[in-house]
Amino acid sequence: MHVSRFDLNLFVVFDAIYTEGSLTRAARVLNLTQPAVSHALARLRERLEDPLFVRQGARMVPTSRARAMVTPVRHALGGLQRCLSHEGGFDLGEAERTFVLGLRDGLEGCLLPPLISALVDEAPGIRLQSMTVPRRQLATELASGRLDLATDILLPLPESVQHRRVMQGPLVVLMREGHPLAGNLDLPAYLAAQHVLVSSRREGPGMEDFGLSRLGYRRHIRLRCQHHQAALSTVMGSDLLLTLPELLARRLAPKGAHTEFLPVDIPGLELHLYWHRDQSADPGHSWLRQKVMAVMEQLSTHP
């Protein structure tokens, strides 16, 4: 089957259904009616001679053929989108473009304010969108062009995803002022205390827990929450402890908070900036990478 005889818009619908797991949500994302999405899926099924998705409860679950297709389809769609983005070059003063950044909760509050401040006068038509991307989807989202840059710990990603270390620093322990352990925090006291863990995942250890487990230690997690703001508010009104990178503590700690260095030698924060290699030659993308790297360096070196 030659591509010239195929309606490429069907692959846009395919990608939306795969991502959303629902015809209704795919229609909403594409700004189409649900019958239009159903009709497009029916045409794609007929052309490929495969159901592609089967309904299981409220979800549309991909078949093995659909799972095999999704990465090359997203890569192709992303390449087309990047071709369109290059039209007319990249003039900072005239460019109208939205860049999507994959940021975790704590870093979002540190990076975005100085970054958008740096863009206001230099690039008035540039817009930023921040989102949380599950690590298992990071390579796919970068390859598809739906995600421009992402920051995260060092991850085992394909060679097509390039990265650069942009931040490194120790972990600290944050507690309320007047906490019984303030000025007197040692390892036994740390392990005996109750802790807050910030994580977007439903289960699994935090970065610091991996380091503790390698040394044979385990701490007691009393509260697991999604955002640092909730964790900080909890710590300031209780005897719970919050372990976090020193960079985030410096930027996010409220007035009256007390911080101490972690009383055990485990690896701290090592943050990398990720992008797809197909974006390396894009002048707009290159400009944004340099801006993000400059802000990250400033955050690391200026308290």
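**Figure 1. The side chain of Ser22 and the backbone nitrogen of Arg25.** In this predicted model, the backbone nitrogen of Arg25 is reached by the side chain of Ser22 at 3.2 Å. A polar atom of the same Ser22 side chain also lies 3.2 Å from the backbone nitrogen of Thr24. Ser22 is placed in the loop that runs between helix H1 (9–20) and helix H2 (23–30). Ser22 counts as buried because its relative accessibility is 9%, which falls under the 20% limit. When residues up to four places away in sequence are not counted, Ser22 touches Ile17 and Met60.

**Figure 2. The largest nonpolar core and the surroundings of Met167.** The largest nonpolar core comprises 39 residues. Within this core, the residues with the most contacts are Leu107, Leu111, Met167, Trp287, Val292 and Met296. Helix H11 (residues 283–301) is the element that gives the most to the core, with seven residues. A second core, separate from this one, has 22 residues and includes Leu23, Phe53, Met60 and Val73. For Met167, with residues up to four places away in sequence not counted, the residues touched are Leu247, Leu269, Glu270, Leu271, Met296, Leu299 and Ser300.

**Figure 3. The cavity and its lining.** One cavity of 30 Å³ or more is present in the structure. The largest cavity holds about 60 Å³ of space. Its lining is formed by Gly102, Leu103, Arg104, Val133, Leu138, Ala150, Thr151 and Asp152. Sorted by class, these lining residues are four nonpolar, two polar and two charged. Strand E5 (residues 149–152) gives the most to the lining, with three residues.

**Figure 4. Glu141 in helix H6.** Glu141 is located in helix H6, which spans residues 138–144. Glu141 is classed as buried because its relative accessible area is 9%, under the cut-off of 20%. Apart from neighbours within four places in sequence, Glu141 is in contact with Val133, Arg146 and Leu147. Val133 also belongs to the lining of the largest cavity.

**Figure 5. Glu297 in helix H11.** Glu297 is found in helix H11, the helix that gives seven residues to the largest nonpolar core. Glu297 is nevertheless exposed, because its relative accessible area is 52%, over the 50% limit. Asp282 lies 15 residues from Glu297 along the chain, and the C-alpha atoms of the two residues are separated by 22 Å.

**Figure 6. The whole protein, as context for the close-up views.** The secondary structure consists of eleven helices and twelve strands. Taken along the principal axes, the C-alpha atoms fill a box of roughly 75 × 50 × 35 Å. The protein has 303 residues, of which 42% are buried. Among contacts with a separation of 6 or more, 75% involve residues 24 or more positions apart.

Definitions and conventions: Residues numbered from 1 in each chain as written. Predicted model: local features only at pLDDT ≥ 70, side-chain atom pairs only at ≥ 80, totals over all residues. Heavy atoms only, no water. 1 Å grid on protein atoms, 1.4 Å probe; cavity = no way out; pocket = protein on both sides within 12 Å on 5 of 7 lines; lining within 4 Å. Points joined across faces, edges and corners; volume = space filled by probe spheres on them. Helix = DSSP H or I, 4+ residues; strand = E, 2+ residues; numbered from the N terminus. Nonpolar A, V, L, I, M, F, W, Y, C, P; charged D, E, K, R; others polar. Core = buried A, V, L, I, M, F, W, Y, C linked by side-chain atoms within 4.5 Å. Buried < 20%, exposed > 50% of the residue type's maximum accessible area, 1.4 Å probe, protein only. Contact = heavy atoms within 4.5 Å. Polar contact = N/O pair within 3.5 Å; in protein donor to acceptor, adjacent residues only side chain to side chain.
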